[in-house]
Structures are given as structure tokens and as C-alpha cells.
Amino acid sequence: METEQLHTVGEVAALAGVTIRTLHHYDRIGLLAPSGRSENGYRLYAYGDLERLRQIRLLRELRFSLDAIGQMLDAPAYGRRSALEAQRDLLRERQERTERIIRGVDRALQAMEKETEMDRTEMFEGLEEFDHEQYREEVEQRWGDTDAYRESMRRTRRYGTGDWARIKAEGEAVVARLADLMAVGAPAEGRAAMDLAEEHRRHIDRWFYPCSEAMHRNLADLYTDDPRFTEYFEKRGEGLAVFVRNAIRANAQRAGGAPRE
């Protein structure tokens, strides 16, 4: 029987494009433990270890935390093939959106060079998002007399263009990571999803109004009850509205903010 080829930590670092220090850190936290050790006690990595490292690198590229990656890779239901297919779909989706944005930038540059205006139907290609502003009147009617609404209006009046750009980027990043988490089969009630739900709650709390876990849970019901909110999430992944709602409910339960249904 042929002996499996093993690689030293230096060889793996060179193959994967990471530092030796990173591999040592992964070993310390239990994310990537080498399959063997040399007689001198040096780490030795087998092919399966390289496969796991490739998965780690892919998931890091998709902006998952090391803690979330460890939970996913060690979950009993984690399937490498289905996970790879999901990751490929996510990367293609991001590639397509990036290409649309690049086309928009190219058109803007061409318009500048020719000293002409851009085609208004193409100006915002790749920059589509859910427009909360169009529902301001409805929001005022439903929640205009609440302290949360008044606080939100007080805060948002102070925000400039840079603030709104940061708010959008932060919010979209959380939703994107939730979509990625769902795509690779992680449970909405798992710690990784709950941590992102908590990040989502804090985003609202920081920028708009004090948002308790119970209030966040009520807000999450809109994501599945209101077709407009549902559409916003479903564009980022089929079933995402329910996934986000369930993650928020689980996070509220973890904090003692609401009973589990």
C-alpha cells in the first residue's frame, strides 16, 4: 500500500498562500489540526487537511468568521460537494454583480470623455437595493407616534452622504453573510446565524433607534409578512427571508427576549 504524501507546515503555507503563523493559529483554535507529527514533533499535513484548508480559504473569501467556519465544517450535515456547489453559485452571483457595476463605471467614464449625459435607464445598473424611502408615508402612519420613530427621525436628520454610504454598506454586508450562511446549509438557529442576527440588531440600534431583542423579533416578522420586505431578501437567496426571521427569533430566545414558538 502506497504511503500517503505528507507536507510540512512550510510546504502547506507555500501551497496555500498563507503564513506559517496562520497555520499555527488554526491548529491552536482547533480549526485545522494536522493529521500527523514527525519524530521531532513537527506538524505534518495530509491531503484531507489540504482539502479542509481550501474550504477554510473559500469561506474566508466569502467573509465568514473563523468561528462560523469551524461550526460549518464540523456540522454533521455538512456536505463538501453541496457546499462547493453553493459556494460556486455565490461567487458567480458576486462576479455577475461586479461585472454590472464595472459596466456602469465604464459608461460613466465614456460619458465624461464625450462630455455627454449617461443613459438614465443604465445609470444605476448593479446598484439596485430595497428603497425604504418610498415607504416613509406608510411608516409614519403605522409608527409615527412611537418613540422609536421619533428617535429614528432625530438621528437620520444629522446624517450626510458619507453616513448613508456607511449604513448601506454595513447593512448589506450583514445580509450578504446571512445569505452565504444559508447557502452552505448552516442552520438559522445555529450560533453563527444568531451572531449575525445580533450584528443586524446592533446595526439598527446604532444608526436608527434603540432596538431590543424583542423589538428586533417583531421587526423580523415583517420580513416574511410583508411581500415587499420578503422580495428584498429573496433576491439575495430563495428562502432568505424566513432564514433571517428564524435567526433573529433564535437570537432573541438566546437573550431571553422572547419565547420560542
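This is a short dialogue on reading helices, burial and a surface patch in a predicted model.

Q: What kind of model is this, and how are residues numbered?
A: The model is predicted: local features need pLDDT of at least 70, side-chain atom pairs count only at pLDDT 80 or more, and totals for chains, interfaces and linings use all residues. Residues are numbered from 1 along each chain as its sequence is written, and side-chain values use heavy atoms, leaving out hydrogens and water.

Q: What span does helix α12 reach?
A: Helices are DSSP runs (H or I, at least four residues), numbered from the N terminus. The expected span is 1.5 Å times one less than the number of residues. Helix α12, residues 240-254, reaches 21 Å from its first C-alpha to its last, close to the 21 Å expected. Just after α12, Gly256 takes a positive phi of about 80°.

Q: Is α12 mostly covered or mostly exposed?
A: Buried means under 20% relative accessible area, exposed over 50%, partly exposed in between (1.4 Å probe, protein chains only). Twelve of the 15 residues in α12 are buried, including Phe243, Arg245 and Ile248.

Q: Is Glu172 buried or exposed?
A: Glu172 is in helix α8, residues 161-183. Its relative accessible area is 16%, so Glu172 is buried.

Q: Which residues is Glu172 in contact with?
A: Contact means heavy atoms within 4.5 Å. Leaving aside neighbours within four places in sequence, Glu172 is in contact with Arg97, Tyr232 and Arg236.

Q: How exposed is Ile101?
A: Ile101 is in helix α5, residues 80-114. Its relative accessible area is 32%, so Ile101 is partly exposed.

Conventions:
Helices (H or I, at least four residues) and strands (E, at least two) are DSSP runs, numbered from the N terminus.
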